[in-house]
Amino acid sequence: MQRTMVVWVPDWPVIAAVRDEAAPAGDAHPIAIVAANRVVACSSAARVHGVHRGQKRRDAQGACPRLVVVAHDDDREHRHFAPLVDALEQRAAGVQIVRPGLLALAARGPARYYGGEKAAALALISAVADEGVADARVGVSDGPFAADRAARDTRAHAPVRIVAEGAAAAYLAPLPVSTLADPELATLLTRLGVRTLGAFTALPAAAVRERFGPAGAYAHALAGAVDATPIIPRTPPDDLERVIDLEPPLDRVDQIAFAVRQLADDVVETLAARRLVATAVRVSVRDESGRESDRVWLHPRAFRASEIVDRVRWQLSGSTRRLGSTPDAALGPGLASPVDRVSIAPDSVDATTNHEPGLWGGEPDDRVHHALSRVQSMLGHESVVTAQRAGGRTLAERRILVPWGDRAVHQRPLDRPWPGALPQPAPATVFPSRHAVTVIDGRGDIVLVDDRLRVTGAPAAFAPAAGGATRPIRSWAGPWPLDERWWDAAQRRRLHRLQVVDEAGIAWLLVLDGGSWWAEARYD
């Protein structure tokens, strides 16, 4: 059985929230991290008032009215845990991240290096303390499960618990079956009179597998310290970020672009050596006052060095060429002084084999891409856009314009049901701006829609509101209502769409918005 060392940081979700300034700092503040209206972690001050894991949010707030409730954020916990992982890897190799706040590693290597398991454990605790985390615990035992339980049996004044080799089964025996973290199995075992791990281990393995299946057999092995779970060390990510410090700081876009050219070449060549290409790059620019401009740039295929330089130029330039020289001179969004640092890092990479040209080549497409990219380099990133489909209820929402070379982010999904959307087919021509029209019935009265979604009269004709030829209506369908955010008086939107066919056989989409009719699109 492999000797395993587990490093545990109690209440890590709370610590991450405090570090992210999502919760107040200080031991006196009762804090609870909540997911799906259940407490998943809480501070020691909250536990004093009766707050505990698994508790409903309402009950937790009832037990502690001063409770600070913070939504669970897995990304936040991983982001703030990464520096601790790096610090631990400086002291011991082969670290496996079980989850944020919990690490496992083989104990043999660190123990031989530091002269014993306790000395190795104290070295790891010291590494965590150097990162500003005062409370870290270490458990050492045979297998990850027993080592994890040993770490949780520690106290702040005695942060290391070592279970002697071969004694893991005896150590686990008196623990309750709830330790297995399988509530359904624990409840069933308790009803059967099996309340401790030792009693569970005494059951025949074949009978446990037959009665509880593979999951029960695995839990039975854990209870008996027959834990064959291997330690899978993480592979530290390659450092692909390239940084240039500009001394003296530069205030011209063309100078900065020239300075980062070698940086871009280095990024592309480093990826090529690993048979990778960048499909997204993160460009960070810092001026000498400390302000930063950070943006992720996307590419439809893969970045070349010259295209990365173009993105740096676009991010910097805006409408200006020199700082402080003319009234319109400004160096990028949020930057107002010379730049002293630029960093370029691949944000998304892909295998080179996925970006090889097809069997018959790709010259026409490449020529189009180069031509449009050239126009962008002259006129700016937002000068060339492509239309993409998105989900939505109105025609305007279903079309988004994306700069050439980018991919739409935070796009509304097409496959989601959109109650209130027009039935298919969609109109082919959507006017850039709506045209005011008047819709009348056979008596010449303006057609409206009442509260029961019925038209006040059968539409007979419509005409431009500014004057023009009247178009008799041969047939019509609707109205199709849209009532969004009815609970918000400031953002509420209520529309009624009408599909009509005029005497010439042309189909139109007319919209009643705020008591006025508009022609929004035409079916070609």
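Tutor: A contact, in this discussion, means heavy atoms within 4.5 Å. The model is predicted, and local features need pLDDT of at least 70, side-chain atom pairs count only at pLDDT 80 or more, and totals for chains, interfaces and linings use all residues. Residues are numbered from 1 along each chain as its sequence is written, and side-chain values use heavy atoms, with hydrogens and water left out.

Student: Which residues is V281 in contact with, neighbours within four places in sequence left aside?

Tutor: V281 meets R295, V296, W297, F303, I308, A345, P346 and D347. V281 also belongs to the largest nonpolar core, which has 26 residues. There V281, I256, L316, V339 and V342 are the members that touch the most others.

Student: What makes such a group a nonpolar core?

Tutor: The term denotes a set of buried Ala, Val, Leu, Ile, Met, Phe, Trp, Tyr and Cys residues joined through side-chain atoms within 4.5 Å. Helices and strands are DSSP runs numbered from the N terminus, helices being H or I over at least four residues and strands E over at least two. At least two core residues come from each of β9, α12 (253-259), α13 (261-273), β10 (276-287), α14 (305-317) and β12 (339-351). Helix α14 gives the largest share, six residues. Another core, of 25 residues, lies apart from this one and includes W12, A16, A136 and V140.

Student: Why is A477 called partly exposed?

Tutor: Buried means under 20% relative accessible area, exposed over 50%, and partly exposed in between, with a 1.4 Å probe and protein chains only. The relative accessible area of A477 is 30%, so A477 is partly exposed. This residue sits in strand β17 (residues 471-484) and touches L498 and Q499, residues up to four places away in sequence not being counted. Although A477 and Q499 are 22 residues apart along the chain, their C-alpha atoms are separated by 5.2 Å.

Student: What makes helix α7 (residues 144-152) mostly covered?

Tutor: Seven of the nine residues of α7 are buried. They are P144, F145, A146, A147, D148, A150 and A151.

Student: How do you know which strands of the open sheet are its edges?

Tutor: Two strands pair if DSSP finds at least two bridges between them. The five strands follow the order β5-β6-β1-β7-β8, with mixed pairing. Strands β5 (96-99) and β8 (160-162) each pair on one side only, and these are the edge strands. Inside the sheet, β1 (residues 3-8) and β6 (residues 102-106) have five bridges and are antiparallel; V7 has L103 of β6 as its bridge partner.

Student: What makes β16 and β17 a pair?

Tutor: Strand β16 (residues 459-464) is joined to β17 by two bridges, in the antiparallel sense, and this number meets the requirement because pairing begins at two. A461 stands opposite P472 of β17. Both strands belong to a barrel of six, closed in the order β15-β16-β17-β18-β19-β20 with antiparallel pairing.

Student: Why do two values describe the packing of α4 and α6?

Tutor: Two packed helices are described by the angle between their axes and the distance between the axes. Axes are lines fitted to C-alpha atoms, for helices over the stretch in contact, and angles run from 0 to 180 degrees between N-to-C directions. For α4 and α6 the axes come within 9 Å and cross at roughly 145°. In this contact, L84, A87, L88 and R91 of α4 (residues 74-91) meet residues of α6 (residues 117-130), including A123, L124 and D130. The classes are seven nonpolar, one polar and two charged residues. Ala, Val, Leu, Ile, Met, Phe, Trp, Tyr, Cys and Pro count as nonpolar, Asp, Glu, Lys and Arg as charged, and the others, Gly among them, as polar.

Student: Why is a positive phi worth noting?

Tutor: Most residues other than glycine have a negative phi, and most peptide bonds are trans. D11 has a phi near 55°, and E21 one near 65°. D11 lies in the loop between β1 and α1 (12-19), whereas E21 is in the loop between α1 and β2 (31-35). With a relative accessible area of 24%, D11 is partly exposed; E21, at 74%, is exposed. The peptide bond joining E247 and P248 is cis, with omega about 5°, and P248 lies in strand β9 (residues 242-250).
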